[in-house]
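User: Could you take a close look at one part of this protein and walk me through how it packs against its surroundings? Please begin with the whole chain and then zoom in.

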Amino acid sequence: MMLVRLLFLVVTIDGFIFIRTPARFTGPIVRSLTKSNVVLDENLLASARQLLDWETMEAQAAAPVLTLSKETNTLTLAEGYEEQPVTQEACTSANDEPWATGDNWAETLSGLKFLGVIDDDGKELLATAPQLIRLNSSSVLDAACFTVDSDVGAASLIAEPVLLTYTATHLRMGLKFLQTMMGGISETAAMAACASTPKLFVAAVQGALQERAVVDALGAASSATARATETTVGSVSAAYFLKKNGQGEYAEA
């Protein structure tokens with residue numbers, strides 16, 4: 001049987017207008033001026049502020065790891081790196097938390113209802129993945145759309161709501177990682193495995209992200225080493241040049 005998908009589908013839910021294509025979920029492009037009725041207590045907001053594993057990895061990857069000591073020309077941990085670990089809170093200032101009004105979650109919730117992931121107020125999702133309150137709605141819905149449109153299916157999102165906290169790119173990486181770990185199976189087979197065991201999908205995504213973090217760290221260390229070597233070689237070359245030309249501290253008396 002041939003399945004024909006609509007290229008565009010426009011639906012209005014709870015005052016939001018969404019546009020969905022097979023590849024991407026975009027919305028809302030128009031929003032009701034009515035304030036969201038979603039009530040978020042302080043405990044839930046505090047939980048939402050906690051960084052996800054992949055957010056922590058990205059923050060650590062952006063932090064300096066190696067630096068060249070001017071005194072010894074050796075590579076060491078960057079000053080303050082150990083003493084200033086990445087905070088586990090995404091943000092603390094009220095000015096940095098527009099999502100705390102509940103409007104962001106209202107958009108996400110409406111989109112998840114449209115996709116058929118849930119048909120309730122989403123409390124069970126937030127109990128497992130409170131960060132959904134603050135994560136960009138388009139990003140969450142892209143991940144949901146990818147999962148729903150694939151053979152993994154919406155049921156996996158109900159079983160493992162944490163999948164919604166990853167980006168669609170992360171989910172694709174997870175499938176590729178699982179294919180490799182399972183001996184080069186097809187994408188269809190990998191999706192079927194994830195559908196039958198959603199925890200496997202979560203583990204695959206985490207494995208893919210950890211693998212990327214290691215590769216990125218090695219790349220950063222390699223770049224830092226190369227820069228240090230270049231600096232050291234440059235210093236030796238400069239000293240030789242000064243000595244050869246009878247200048248500097250290396251010049252012969």
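Analyst: Happy to! A residue is called buried under 20% relative accessible area, exposed over 50%, and partly exposed in between (1.4 Å probe, protein chains only). By that measure, 35% of the 253 residues in the protein are buried. Please keep in mind that this is a predicted model, in which local features need pLDDT of at least 70 and side-chain atom pairs count only at pLDDT 80 or more, while totals for chains, interfaces and linings use all residues. Residues are numbered from 1 along each chain as its sequence is written, and side-chain values use heavy atoms, leaving out hydrogens and water.

The protein has nine helices and five strands (DSSP runs numbered from the N terminus: H or I of at least four residues for helices, E of at least two for strands). Along the sequence they are arranged as β-β-β-α-α-β-β-α-α-α-α-α-α-α. With contact meaning heavy atoms within 4.5 Å, 66% of the contacts between residues at least 6 apart in sequence join residues at least 24 apart. The accessible surface comes to about 15,000 Å², with carbon and sulfur atoms contributing 56% (Shrake-Rupley method, 1.4 Å probe; for residues, only the protein chains shown count as cover).

The part I would pick is α7, which spans 168-181 and is one of the elements giving two or more residues to the largest nonpolar core. Such a core is a set of buried Ala, Val, Leu, Ile, Met, Phe, Trp, Tyr and Cys residues joined through side-chain atoms within 4.5 Å. This one has 43 residues, and those with the most contacts inside it are L112, L132, L164, L171 and F201. L132, for instance, touches W105, L125, V140 and L164, among others beyond four places in sequence.

Now for the neighbours of α7. Its axis lies 8 Å from that of α5, at an angle of about 40 degrees (axes are lines fitted to C-alpha atoms, for helices over the stretch in contact, and angles run from 0 to 180 degrees between N-to-C directions). The two helices are therefore oblique to each other, since angles under 35 degrees count as roughly parallel, over 145 as roughly antiparallel, 65 to 115 as roughly perpendicular and the rest as oblique. D142, A143, F146 and T147 of α5 meet A168, L171, R172 and L175 of α7. That contact has five nonpolar, one polar and two charged residues (Ala, Val, Leu, Ile, Met, Phe, Trp, Tyr, Cys and Pro are nonpolar; Asp, Glu, Lys and Arg charged; the others, Gly among them, polar).

With α8, the axes come within 9 Å and cross at roughly 105 degrees, so α7 is roughly perpendicular to α8. L175, L178 and Q179 of α7 face E187, A190, M191 and C194 of α8 in this contact, which by class has five nonpolar, one polar and one charged residues.

L175 deserves a closer look. It is buried, at 1% relative accessible area, and beyond four places in sequence it contacts F146, A190, M191, C194 and F201. Its C-alpha atom is 9.5 Å from that of T188, 13 residues away along the chain.

Q179, also in α7, is buried at 13% and touches G184, I185, S186, E187 and A190, leaving out residues up to four places away. T169 sits in this helix as well, but is partly exposed at 46%; its C-alpha atom is 9.7 Å from that of S139, 30 residues apart in sequence.
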